[in-house]
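Here is a protein chain to walk through, step by step. Keep the structure in view and find each residue as it comes up.

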Amino acid sequence: MTSPAVLVVHALERRVRLRAPALAGHRRVCERIAEQLAADPACEVVSIRPMTGSVIVERSEGGLDPERLRARLAGLVDGAREDDGHPLGAPRPEGHPGPTRVARAVAHAFAGINADVREAMDYRADLGTILPVVFAAAGLAEVGATRRLPVPAWFNLLWWSLRWFMTFNPGAISEELNSSGGGAQGQPGVAGEGPGEAGPVCDDL
């Protein structure tokens with residue numbers, strides 16, 4: 001089996017960022033690989049974003065060999081298995097089809113944008129915190145400019161009702177998905193890559 005592609009995104013003397021697309025969407029595999037990489041004395045800090053498959057390795061003294069890290073990570077990814085024993089990227093059973101290619105591509109794109117926003121904001125905010133503030137401000141600005149409160153469109157009311165139901169009834173939705181056998185596995189969040197992290201990191205938002 002050919003090793004999945006692992007790329008060196010950028011490399012400094014003591015900080016190397018790699019990308020392993022096969023890791024995207026596999027939080028537990030990311031945790032295991034982070035621990036395996038951190039077992040190397042040269043890899044003092046290991047951070048992995050489960051949503052994007054981005055891997056950052058840092059050390060405080062000495063240098064890092066980007067090609068050696070790339071080969072090491074490629075070997076770990078090549079030998080990694082999902083919880084059900086299937087290799088990463090292997091077709092899933094029909095009862096658990098997982099997300100579509102388009103869904104994965106969209107999630108991957110937004111995860112990358114979100115990661116860039118987090119870095120630009122010095123890890124104080126991301127799209128999940130900025131967008132609600134922007135939309136709320138835009139709504140208040142519209143009301144202030146028009147001096148009237150517009151009535152929401154029917155499709156907005158429908159969407160809000162569905163969203164509120166899903167937010168406050170997670171147990172009922174989970175039971176239905178489990179009973180139908182068609183529930184897709186939960187998607188992990190984006191791992192933080194802020195300064196000062198120690199040891200293997202694989203965290204949600």
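**From the loops to the core**

Begin in the loop between H4 and H5, where Arg-147 is found. This is a predicted model, and every value below is computed from it. Arg-147 has a relative accessibility of 75%, so it counts as exposed. Now look at its backbone. Arg-147 is not a glycine, yet its phi is positive, at about 60°. Most residues other than glycine have a negative phi.

A second residue of this kind is Asp-122. Its phi is about 55°, again positive and again without being a glycine. Find Asp-122 in the loop that runs between helix H3 (101–120) and helix H4 (127–146). Asp-122 counts as partly exposed because its relative accessibility is 40%, and the buried class ends at 20% while the exposed class starts over 50%. The side chain of Asp-122 also has a partner. It meets Arg-124 in a salt bridge, with 3.1 Å from N to O. Arg-124 itself is exposed, with a relative accessible area of 68%.

Next, move to strand E3, residues 45–49. Is this strand enclosed or open? Its residues are buried, 5 of the 5, so E3 is largely enclosed by the rest of the structure. Follow the side chains along the strand. Val-45, Ser-47 and Arg-49 point one way, while Val-46 and Ile-48 point the other way. Both sets are buried.

Which strand is E3 joined to? The partner is strand E4, residues 54–58. The two run antiparallel, and 5 bridges join them. One of the pairings is easy to find: Ser-47 has Ile-56 in E4 as its bridge partner. Together E3 and E4 form a hairpin, with 4 residues between the strands. Gly-53 sits in the turn and has a positive phi of about 80°.

Stay with E3 for one more residue. Arg-49 counts as buried because its relative accessibility is 1%. Its side chain meets that of Glu-119 in a salt bridge, at 3.2 Å from N to O. This pair links distant parts of the chain: Arg-49 lies in strand E3 and Glu-119 in helix H3, 70 residues apart. Glu-119 has a relative accessible area of 31%, so it is partly exposed. A further residue takes part here. Arg-17, Arg-49 and Glu-119 are joined into one network by salt bridges that share partners.

How many salt bridges does the structure hold? The count is 8. Another one of them pairs Arg-68 with Asp-40, where the closest N and O atoms are 2.8 Å apart. Here too distant parts of the chain are linked, with the two positions 28 residues apart: Arg-68 belongs to helix H2 (residues 66–79), and Asp-40 to the loop between helix H1 (27–38) and E3. Arg-68 is partly exposed because its relative accessibility is 45%.

Now check the cysteines. A disulfide is a covalent bond between the sulfur atoms of two cysteines. A search of the whole structure finds 0 of them. Cys-30 has a relative accessibility of 0%, so it counts as buried. Cys-43 is buried too, with a relative accessible area of 3%.

Finish on the surface. Leu-157, Trp-159, Trp-160, Trp-164 and Phe-168 form a nonpolar patch there. Together they have about 640 Å² of accessible area. Leu-157 is found in helix H5, residues 154–168. With 45% relative accessibility, Leu-157 counts as partly exposed.

Definitions and conventions
Residues numbered from 1 in each chain as written. Heavy atoms only, no water. Patch = residues over 30% accessible without salt bridge, like charges linked within 9 Å, V, L, I, M, F, W, Y side chains within 5 Å. Areas by Shrake-Rupley, 256 points an atom, 1.4 Å probe, with all protein chains shown as cover. Salt bridge = Lys/Arg side-chain N within 4 Å of Asp/Glu carboxyl O. Buried < 20%, exposed > 50% of the residue type's maximum accessible area, 1.4 Å probe, protein only. Disulfide = S-S within 2.5 Å. Pairing = 2+ DSSP bridges.
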